[in-house]
Structure formats: C-alpha cells, structure tokens
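Work through the exercises below with the sequence and the coordinates open. Each task is followed by a solution in steps.

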Amino acid sequence: MLKVFYRKVGGDYRDVHYRLEDDETILLFLENFLREDSYRNFLMKYEAHEKKEAYRYIHTLKGVSLNLGFGDLFRISEEIANEFRSGFPELTVDQFVVLERRYNTVIEGIREVLQKVIDNKNNTVYNQFQQ
C-alpha cells in the first residue's frame, strides 16, 4: 500500500522506510502532513506579494516533501523556491498548476492510504468477533 503511494507521488519508499524505520512511523508523518499548512500559506503570501514569508513557506514545503519522500512535490517546490533567489518571482500559470496537481496527488494519496489502514483494522476486529 505505501509502495504504491510512493510510486504515485514520485518517491522512493525504500529510502523513506530506511530513514523513518517502519511503516507505523511513516503513517504517522503522513497523517501529520494533512495538517501541515505551508502550501496554503505560500499561496496566500505569494498573492499578497510578501516575498520573505512566501519564500519561507515554499522552502518549508520543499523540505517536508524531501524528508517524506514526495519526489514530484519536492521538485516543483524546489524550482519555485530557487526562483526567489533573484527577487520576487513572476511564477507562470503552469508552475501553479503543477504545484497544485502534485500537492493534491499527495493529499489524495495520503487519504487513500489512511482509509485503507482504517478499513484493514475494522476488518480485523470484525473477523475476530466472527470466530
């Protein structure tokens, strides 16, 4: 289940598993990512032309994506963060579309994984009562 998720988000499950050591820890971090607000805050600060804050949020999203193995989201976040080095960037519509698509792929994938975990636990409990 996690291997499929990591393929979907352009990541490397084995690398993440090596760093975080077990699936339970990975699942905990994935669940926490659902509450992480760097993406939304980046969009708000970018729209408000608050360069320092917008950069801080996209840089945070880049780092979290790298640490959790979200390869595709990491790459677009890195591309955008690098553009801040020469001033406030005029990002293209394509960059925003790719960022949004990759972010949503991660969020939807996490929700699917967590739902499967819940379903598996419910099935286990149900099967125990049937015996």
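For the charge exercise, Lys and Arg count as positive and Asp and Glu as negative, while His and the chain ends are left out. Each charge is placed at NZ of Lys, CZ of Arg, CG of Asp or CD of Glu. The model is a predicted one.

**Exercise 1. Find how far apart the mean positions of the positive and negative charges of the protein chain are.**

Step 1. Counting gives 19 positive and 22 negative charges in the protein chain.
Step 2. Averaging the positions of each set puts the two means 2 Å apart.

**Exercise 2. Describe the secondary structure and overall dimensions of the protein chain.**

Step 1. The protein chain has 7 helices and 0 strands.
Step 2. Read from the N terminus, the order of elements is α-α-α-α-α-α-α.
Step 3. The C-alpha trace spans about 65 × 25 × 20 Å along its principal axes.
Step 4. Of the 131 residues, 36% count as buried.
Step 5. The exposed area is about 8,300 Å², and carbon and sulfur atoms supply 50% of it.

**Exercise 3. Determine which helices supply the largest nonpolar core.**

Step 1. This core has 34 residues, and Tyr 6, Leu 30, Phe 33, Phe 42, Phe 70, Leu 73 and Leu 99 have the most contacts inside it.
Step 2. At least two core residues come from each of α1 (2–8), α2 (13–20), α3 (23–33), α4 (38–47), α5, α6 (71–83) and α7.
Step 3. The most, 8 residues, come from α7.
Step 4. Take Phe 70 as a case: beyond four places in sequence, Phe 70 touches Phe 5, Tyr 6, Val 9, Leu 30, Phe 33, Ser 65, Val 106 and Ile 110.

**Exercise 4. Decide whether Leu 114 is buried or exposed, and list its contacts.**

Step 1. Leu 114 is located in helix α7 (residues 93–130).
Step 2. Leu 114 counts as buried because its relative accessibility is 17%, and the cut-off is under 20%.
Step 3. Apart from neighbours within four places in sequence, Leu 114 contacts Leu 27, Glu 31 and Leu 34.
Step 4. From Leu 114 to Leu 28 the C-alpha distance is 9.7 Å, at a separation of 86 residues in sequence.

**Exercise 5. Find the nearest side chain of opposite charge to Lys 62.**

Step 1. Lys 62 sits in helix α5 (residues 51–68).
Step 2. That nearest side chain is Glu 78, 5.1 Å away.
Step 3. A salt bridge requires a distance within 4 Å; Lys 62 is buried and has no salt bridge.
Step 4. Lys 62 nevertheless touches Glu 78, along with Phe 74, Ser 77 and Ala 81, when residues up to four places away in sequence are not counted.

Technical notes
Residues are numbered from 1 along each chain as its sequence is written. This is a predicted model: local features need pLDDT of at least 70, side-chain atom pairs count only at pLDDT 80 or more; totals for chains, interfaces and linings use all residues. Side-chain values use heavy atoms; hydrogens and water are left out. Helices (H or I, at least four residues) and strands (E, at least two) are DSSP runs, numbered from the N terminus. Buried means under 20% relative accessible area, exposed over 50%, partly exposed in between (1.4 Å probe, protein chains only). Contact means heavy atoms within 4.5 Å. A nonpolar core is a set of buried Ala, Val, Leu, Ile, Met, Phe, Trp, Tyr and Cys residues joined through side-chain atoms within 4.5 Å. Accessible areas come from the Shrake-Rupley method with a 1.4 Å probe; for residues, only the protein chains shown count as cover.
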